[in-house]
Amino acid sequence: MDNAIADNMDFDASQLASVKEIFKSYNKLTELCFMDCATDFTIGDLKSDEEKCAQNCTNKFLKASERMTQRFQEYQMIMNEHVITAQQNR
């Protein structure tokens, strides 16, 4: 493996934490939707109602995650403004 490839494979702590968080979210999504939607284990494929349930479950999870991220960003902006205001008032 050449050095350029090795350098690109190095993760710093924040990148590694992000990757871990993505996998945790994916595993949570998979578990929740499987538990809610998989009902027939006698066949190898998903039935149409199971597939629709899984799609709806995934969409709801992703929309909720997006909304939580948006709210967190809004909260962070407000907190940053408070910090800046406090520093200016010193």
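This is a short tour of a predicted model, stop by stop, with what to select at each one.

**Stop 1: the whole chain**

Start with everything shown as a cartoon and coloured by secondary structure. You should see three helices and zero strands, in the order α-α-α along the sequence. Now switch the colouring to pLDDT. The chain averages 87, and 88% of the residues score at least 70. Where is confidence lowest, and where is it highest? The low end is helix α1, residues 3–9, with a mean of 53, while α3 has the highest mean, at 93. Where pLDDT is low, the predicted coordinates should not be read in detail. The remaining stops stay away from α1.

Before zooming in, put a surface on the chain. About 8100 Å² is exposed, and carbon and sulfur atoms supply 57% of that area. Of the 90 residues in the chain, buried ones make up 8%.

**Stop 2: the core**

Hide the surface and select residues 29, 33, 37, 57 and 61 as sticks. These are Leu 29, Cys 33, Cys 37, Cys 57 and Phe 61, and together they form the largest nonpolar core. Two elements each give two or more residues to this core: α2 (13–37) and α3 (48–88). Which of them supplies the largest share? That is α2, with three residues.

Keep Phe 61 selected and expand the selection to what it touches. Once neighbours within four places in sequence are set aside, the contacts of Phe 61 are Ser 25, Lys 28, Leu 29 and Leu 32. One of these, Leu 29, you have already met as a member of the core.

**Stop 3: the aromatic pair**

Next, select Phe 34 and Phe 41. The count of aromatic pairs comes to one, and this is the pair: Phe 34 and Phe 41 sit 5.9 Å apart, centre to centre, with 50 degrees between the planes, so it is classed as tilted, the range between under 30 degrees for stacked and over 60 for edge-to-face.

Are these two rings buried or exposed? Phe 34 is partly exposed, with a relative accessible area of 46%. Phe 41 has a relative accessibility of 61%, so it counts as exposed, the cut-off being over 50%.

While you are here, Phe 34 is placed in helix α2. Add Cys 53 and draw a C-alpha to C-alpha distance from Phe 34: the two are 19 residues apart in sequence and 9.4 Å apart in space.

**Stop 4: the salt bridges**

How many salt bridges are there? The count is three, and you can take them in sequence order.

- Select Glu 21 and Lys 24. Their closest N and O atoms are 3.8 Å apart, which counts as a salt bridge because the cut-off is within 4 Å. Both residues lie in helix α2, three residues apart, or about one turn of the helix. Glu 21 is partly exposed at 45% relative accessibility, whereas Lys 24 is exposed, with 54%.
- Select Asp 40 and Lys 47. This salt bridge also has its closest N and O atoms 3.8 Å apart. Asp 40 is partly exposed, with a relative accessible area of 21%, and Lys 47 is partly exposed too, with 32%.
- Select Arg 71 and Glu 74. Here the side chains meet at 2.9 Å, N to O. The two residues are three apart in helix α3, so about one helical turn separates them. Glu 74 counts as partly exposed at 30% relative accessibility, and Arg 71 is partly exposed at 45%.

**Last look**

To finish, go back to the cartoon and keep the core residues, the Phe pair and the salt bridges as sticks. Helix α2 gives three residues to the core, holds Phe 34 and carries both Glu 21 and Lys 24. Helix α3 is the other element giving two or more residues to the core, and Glu 74 and Arg 71 lie in this helix.

Note on methods
Residues are numbered from 1 along each chain as its sequence is written. This is a predicted model: local features need pLDDT of at least 70, side-chain atom pairs count only at pLDDT 80 or more; totals for chains, interfaces and linings use all residues. Side-chain values use heavy atoms; hydrogens and water are left out. A nonpolar core is a set of buried Ala, Val, Leu, Ile, Met, Phe, Trp, Tyr and Cys residues joined through side-chain atoms within 4.5 Å. Buried means under 20% relative accessible area, exposed over 50%, partly exposed in between (1.4 Å probe, protein chains only). Helices (H or I, at least four residues) and strands (E, at least two) are DSSP runs, numbered from the N terminus. Contact means heavy atoms within 4.5 Å. Rings of Phe, Tyr and Trp (its six-membered ring) pair if their centres lie within 6.5 Å; planes under 30 degrees apart count as stacked, over 60 as edge-to-face and the rest as tilted. Accessible areas come from the Shrake-Rupley method with a 1.4 Å probe; for residues, only the protein chains shown count as cover. pLDDT is the predictor's confidence in each residue, from 0 to 100.
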